[in-house]
Structure formats: structure tokens, C-alpha cells
Amino acid sequence: MFYDRGGLILYKEPIDMQSRKRCFGKIIKSIRVKNGISVYQVIDYLKDNNIQSITASTLYSWENGNALPNTVTFLALCNLYSIDNILDTFEWIGVKHYYPVFKITENEYEMVLRYRAKPNMHPAIKKLLE
């Protein structure tokens, strides 16, 4: 759940970390392959830019969804792969694709907080909304 001045974004349910890793891995591998960049070109790029010294198995681990790169390395990969719009490219790591997003106002947010504070009233509110 992320709150900003424009309202609150609520996800139907959280996506687990392993699913995030798998989504991330599929995306970075497909972009690397689409751009015709070899694993060793990625390794050399990171090394040449003093980002992170990695091995081919580390990159494969990211692409297979077993691990995630650190933030600096992630941004370097985005630069190498010419990813200009991170949010759209990674679809919030699959959340937007699998779970609907709702924007609510500050008043609606306050109502949700009050609703959660009074669980004994939930049946009455449910009946009222039917």
C-alpha cells in the first residue's frame, strides 16, 4: 500500500517476494535478449562502470528469479538495457498485472481506518451496504 497526496493506492493482496523475483527475472532476461546483449557484455559493463563485480552465475540467478541485484546495479542494468520508464517496464513487478489497483480519497482513507477500528460494527455496515 502506497500513500501519496493524490490518494491511497490499495492492492487487493500483496504479491509474495518469490513471485516478484520471478517476474523481475523474466523481464530483465527478455529485455537483455531482445537488445542482443550477452551475459558477458553485462558483466563487462558493470565492471567497467565500477558498479559491481559479478559472475555469469550471479546474472543467471537474477534472471531465474533466485535473487535480486542491489539498487545501484539495478539502475545500471536499466541504463544498459535502455529502460526509460522503470514503473511501466516492470509493472510494479507484476502487481498491476495480477491485482487491481484502486485510488481513494483522503476521506475514504479515513473511513477505512475508522471501519478497521470498529470490527464489532462490520456486520451492521455490511448489511447497510447490501
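At what angle do H1 and H3 pack, and how far apart are their axes? Keep that in mind while you look around; point 4 comes back to it.

1. **Getting your bearings.** Before anything else, note that this is a predicted model. The protein has eight helices and three strands. If you walk along the sequence, you meet them in the order β-β-α-α-α-α-α-α-β-α-α. Of its 130 residues, 31% count as buried. Now take the contacts between residues at least 6 apart in sequence: 63% of them join residues at least 24 apart.

2. **The core.** The largest nonpolar core has 21 residues, and the members that touch the most others are Val42, Leu59, Tyr81 and Phe90. Four helices give two or more residues to this core: H1 (17-34), H2 (39-48), H3 (56-63) and H4 (71-80). H2 supplies the largest share, with five residues. You'll see these helices again below.

3. **Helix H2 and its two sides.** Which residues of H2 are buried? They are Val39, Val42, Ile43, Tyr45 and Leu46. These residues span an arc of only 160° around the axis, so they sit on the same side of H2. There's a handy bit of background here: an α-helix has 3.6 residues a turn, so residues three or four places apart point the same way. The buried residues of H2 pack against H1, H3 and H4. Turn to the face directed away from that buried side and you find exposed residues, namely Tyr40, Lys47 and Asp48.

4. **Helix H3, and the opening question.** The buried residues in H3 are Ala56, Leu59, Trp62 and Glu63. Looking down the axis of H3, you see them fall within an arc of 120°, so they line one face of the helix. They pack against H1, H2 and H4. As for H1 and H3, the angle between them is about 120°, and their axes are 7 Å apart. On the H1 side the contact uses Lys21, Phe24, Gly25, Lys26, Ile28, Lys29 and Arg32, while H3 brings Leu59, Trp62 and Glu63. Sorted by class, that makes four nonpolar, one polar and five charged residues.

5. **Arg32, a charged residue worth a click.** Is Arg32, which lies in helix H1, buried or exposed? Arg32 counts as buried because its relative accessibility is 8%, and the cut-off for buried is under 20%. Its side chain makes a polar contact of 2.6 Å with the side chain of Glu63. Glu63 is itself one of the buried residues of H3. If you skip the neighbours within four places in sequence, Arg32 is in contact with Ile37, Ser38, Val39, Val42, Leu59, Glu63 and Tyr81.

6. **Tyr81, a busy core member.** Leaving out residues up to four places away in sequence, Tyr81 touches Ile28, Ile31, Arg32, Asn35, Ile37, Val42, Leu59 and Glu63. Two of the names there, Val42 and Leu59, are also listed with Tyr81 among the core residues that touch the most other members.

7. **Ile83, buried in a loop.** Ile83 is found in the loop between H4 and helix H5 (86-90). Ile83 is buried, with a relative accessible area of 11%. Not counting residues up to four places away in sequence, its contacts are Ile31, Cys78, Thr89 and Phe90. Compare its position with Ile28: 55 residues separate the two in sequence, but C-alpha to C-alpha they are 10.0 Å apart.

8. **Some backbone angles to check.** Most residues other than glycine have a negative phi. Which way does Asn50 go? Asn50 isn't a glycine, yet its phi is positive, about 50°. Asn50 sits in the loop between H2 and H3, and counts as exposed because its relative accessibility is 71%. Ser82 is another case: this residue is not a glycine either, and has a positive phi of about 60°. Ser82 belongs to the loop between H4 and H5 and, at 57% relative accessibility, counts as exposed. There's a glycine to look at as well: Gly65, just after H3, has a positive phi of about 80°.

Technical notes. Residues are numbered from 1 along each chain as its sequence is written. This is a predicted model: local features need pLDDT of at least 70, side-chain atom pairs count only at pLDDT 80 or more; totals for chains, interfaces and linings use all residues. Side-chain values use heavy atoms; hydrogens and water are left out. A nonpolar core is a set of buried Ala, Val, Leu, Ile, Met, Phe, Trp, Tyr and Cys residues joined through side-chain atoms within 4.5 Å. Buried means under 20% relative accessible area, exposed over 50%, partly exposed in between (1.4 Å probe, protein chains only). Contact means heavy atoms within 4.5 Å. A polar contact is a pair of N or O atoms within 3.5 Å; within protein, one must be able to donate a hydrogen and the other to accept it, and residues adjacent in sequence count only if both atoms are side-chain atoms. The arc is that of the directions from the helix axis to the C-beta atoms. Axes are lines fitted to C-alpha atoms, for helices over the stretch in contact, and angles run from 0 to 180 degrees between N-to-C directions. Ala, Val, Leu, Ile, Met, Phe, Trp, Tyr, Cys and Pro count as nonpolar, Asp, Glu, Lys and Arg as charged, and the others, Gly among them, as polar.
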